[in-house]
Amino acid sequence: MSSRKHPSLSSVPQTPGTDGYQGYTLKDKDKDTHVASVVKPHFKYGLYLFFFLTIWFLLLFFWFPSTKPAVSPPIIQNSNSHVQNLPAEKVQMKLEEKVQVKPAEKAQVKPVEKAQVKPAEKESVLVYVYELPPKFNIGLLKECRRLNVYTDMCPHVANCGLGQPILEMGSSWFATHQFIAEMIFHARMENHPCRTRDPEKADLFYVPFYGGLHASSKFRESNVAARDALAVELVEYIHRQRWWRRNHGADHFLALGRTAWDFMRTDGGTDFGANRLLNLPPVKNMSVLTVERHPWEGSNQYGIPYPSYFHPSTSDEILTWQNRMRLQRRLHLFSFIGAPRNGVDKAAIRDEIIKQCAESTRCHLLKCGSGASQCHEPTQVLNVMTQSEFCLQAPGDSFTRRSTFDSFLAGCIPVFVSPHTAYSQYSWFLPADHTTYSVFIGDENPSIEAELLKIPNDQIQKMRNRVINLIPNLTYIHPNSSDFGFTDAVDVALGKLSDYVKSKLRGHGVTVH
């Protein structure tokens with residue numbers, strides 16, 4: 001609608017006493033009366049017809065939905081060929097282009113067929129959530145500034161652990177901290193359809209301990225007894241519960257937002273600030289969900305995804321995002337986001353990857369540093385990954401990286417140099433045949449670019465589709481969502497854990513539900 005203002009009647013020039021008309025006579029009045037008697041009926045009927053047609057048009061436009069059938073999005077051919085055939089200076093220009101990641105609009109992309117998505121089986125497992133004393137979870141949040149010796153966690157524990165909203169990307173995007181999965185898992189379980197208030201009916205017992213947040217607050221505590229104190233109290237508390245005794249804790253589990261290494265201090269071993277929660281005998285009888293399991297000693301540990309930035313509330317949101325990633329133009333053959341590391345092995349791998357990426361016109365390097373960095377900006381991270389065919393995933397401070405799951409979210413095929421970055425970690429979530437969704441190069445320092453250029457375009461397309469199809473299972477949906485229609489990361493973990501516990505109990509002659 002135009003914003004132009006029409007002049008009011010009072011703005012029409014008028015002569016005082018004549019109502020704006022000059023030289024008006026009785027003869028003219030009789031003439032006008034005759035004309036009006038002829039024109040008015042036609043004008044009136046025309047006006048009626050105009051209003052009727054207008055109302056009819058508005059009803060057709062707004063009331064009746066379009067009957068045009070949905071059209072599946074076209075399959076995009078791999079863009080690797082157009083990148084590798086460009087002159088070096090033009091490739092460099094494309095590497096410098098910035099494509100702002102914006103919230104997906106439903107009108108732009110048609111949803112994929114829902115047959116590709118498996119709905120959560122909400123009645124297959126019943127989970128009892130312990131109501132622990134607050135000091136074991138939400139009570140810790142009162143000292144949020146001290147929950148991590150490196151950063152203020154107050155912004156990150158907001159919104160049930162989702163963190164601060166990223167308003168420019170939409171209502172489902174948050175600057176989620178990488179080590180906050182335990183809070184999100186707890187919030188999700190509070191509202192999960194599998195939750196039961198009757199422990200008698202429960203298949204699983206969830207112990208919502210914010211062990212990772214507590215551990216990171218004690219990394220510099222030199223007194224190991226003080227460092228272990230809360231973990232020891234938790235185990236003593238759970239060990240006294242009636243439902244623990246039913247199966248000696250075999251049907252109980254923890255969900256931890258930090259790596260297993262942070263809870264496995266041993267006497268005589270290197271002390272880098274960890275406590276000994278996972279080495280306490282009762283805990284060894286439990287199951288432990290963690291973002292990184294110990295590859296050799298974690299027989300009761302199961303890897304769960306690091307949380308990324310996307311926490312949708314509806315199935316339409318995730319379907320739209322998946323289609324955006326299928327339609328996304330990939331300007332770079334590969335990319336790396338990361339910083340150099342200390343230590344002989346880590347430094348060598350990182351340095352070589354950074355060197356190769358920096359020297360290639362087909363690689364986008366986002367080099368991280370200490371303090372404020374683009375690597376800590378979700379929009380910058382996603383801008384790089386959504387424009388890349390392949391995303392390099394070198395081990396960081398430990399084997400795993402949150403960046404792996406950012407890569408999946410961006411539809412970027414991950415490239416691994418260690419099997420313990422994903423393959424030995426997330427067997428519940430990733431296909432057994434890792435060649436269908438990733439590339440393994442190893443640490444023999446081959447030419448990364450040359451290896452990636454050997455992969456045919458049609459194979460790259462299939463791998464990317466597999467990566468994008470995995471997004472729902474690797475995503476933590478918004479805790480307020482009660483009927484999502486997808487199997488998210490929490491659903492997958494509960495289903496797999498239930499199967500494992502039931503099998504374990506049957507093996508010991510225990511009758512299960």
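In the predicted model, the largest cavity has a volume of about 100 Å³. Its lining is formed by Tyr306, Pro307, Ser308, Phe310, Phe405, Phe408, Leu409, Ile471, Leu474, Thr475 and Tyr476, and by class these residues divide into 9 nonpolar and 2 polar, with no charged residues. The structure holds 8 cavities of 30 Å³ or more, and the second largest of them encloses about 80 Å³ of space. Around the second largest cavity stand Ile349, Glu352, Ile353, Gln356, Val417, Ile441, Gly442, Asp443, Glu444, Asn445, Pro446 and Ile448. Helix α11, which spans residues 344-359, makes the greatest contribution to this lining, with 4 residues, and the lining of the second largest cavity comprises 6 nonpolar, 3 polar and 3 charged residues.

Turning to the pockets, the largest pocket holds about 1700 Å³ of space. It is lined by 43 residues, of which Gln178, Phe179, Arg341, His376 and Asp397 are the closest to its centre. By class, the lining of the largest pocket contains 17 nonpolar, 18 polar and 8 charged residues. At least two residues of this lining are supplied by each of α4 (154-157), β2 (164-165), β5 (252-259), β8 (332-338), α12 (378-386) and α13 (403-409), and the largest share, 3 residues, comes from α12.

Strand β5 also belongs to an open sheet of 5 strands, in which the order is β1-β4-β5-β6-β7 and the pairing is parallel. The edges of this sheet are occupied by β1 (127-129) and β7 (301-303), each of which has a single partner strand, so that one side of each is left without a neighbour in the sheet. On average, and with direction ignored, neighbouring strands of this sheet are turned by 30 degrees against each other. Strand β1 runs parallel to strand β4 (residues 204-206), to which it is joined by 3 bridges, and Val129 stands opposite Tyr206 in β4. Helix α5 packs on the sheet, where it touches β1, β4, β5 and β6 (287-292), and the direction of α5 makes about 145 degrees with that of β5.

Helix α5 (residues 181-190) packs in addition against helix α16 (residues 489-507), at an angle of about 80 degrees and with the two axes 10 Å apart. This angle makes α5 roughly perpendicular to α16. In this contact, Phe185, Arg188 and Met189 of α5 meet Val490, Asp491, Ala493 and Leu494 of α16, and the residues of the contact divide into 5 nonpolar and 2 charged, with no polar residues.

A further open sheet, to which strand β8 belongs, is formed by 5 strands in the order β9-β8-β10-β11-β12, with parallel pairing. Here β9 (363-367) and β12 (439-440) stand at the edges, and because each has a single partner strand, one side of each is left without a neighbour in the sheet. Strand β8 pairs in the parallel sense with strand β10 (residues 388-393) over 3 bridges, and the bridge partner of Phe334 in β10 is Phe390. Helix α15 (residues 457-469) packs on this sheet and touches β10, β11 (413-416) and β12, while the direction of α15 makes about 100 degrees with that of β11.

Technical notes. Residues are numbered from 1 along each chain as its sequence is written. This is a predicted model: local features need pLDDT of at least 70, side-chain atom pairs count only at pLDDT 80 or more; totals for chains, interfaces and linings use all residues. Side-chain values use heavy atoms; hydrogens and water are left out. Axes are lines fitted to C-alpha atoms, for helices over the stretch in contact, and angles run from 0 to 180 degrees between N-to-C directions. Angles under 35 degrees count as roughly parallel, over 145 as roughly antiparallel, 65 to 115 as roughly perpendicular and the rest as oblique. Contact means heavy atoms within 4.5 Å. Ala, Val, Leu, Ile, Met, Phe, Trp, Tyr, Cys and Pro count as nonpolar, Asp, Glu, Lys and Arg as charged, and the others, Gly among them, as polar. On a 1 Å grid over the protein atoms alone, a cavity is a set of points where a 1.4 Å probe fits but cannot get out, and a pocket is an open set with protein on both sides within 12 Å along at least five of seven lines; lining residues have an atom within 4 Å of a point. Grid points are joined across faces, edges and corners, and a volume is the space filled by probe spheres set on the points. Two strands pair if DSSP finds at least two bridges between them.
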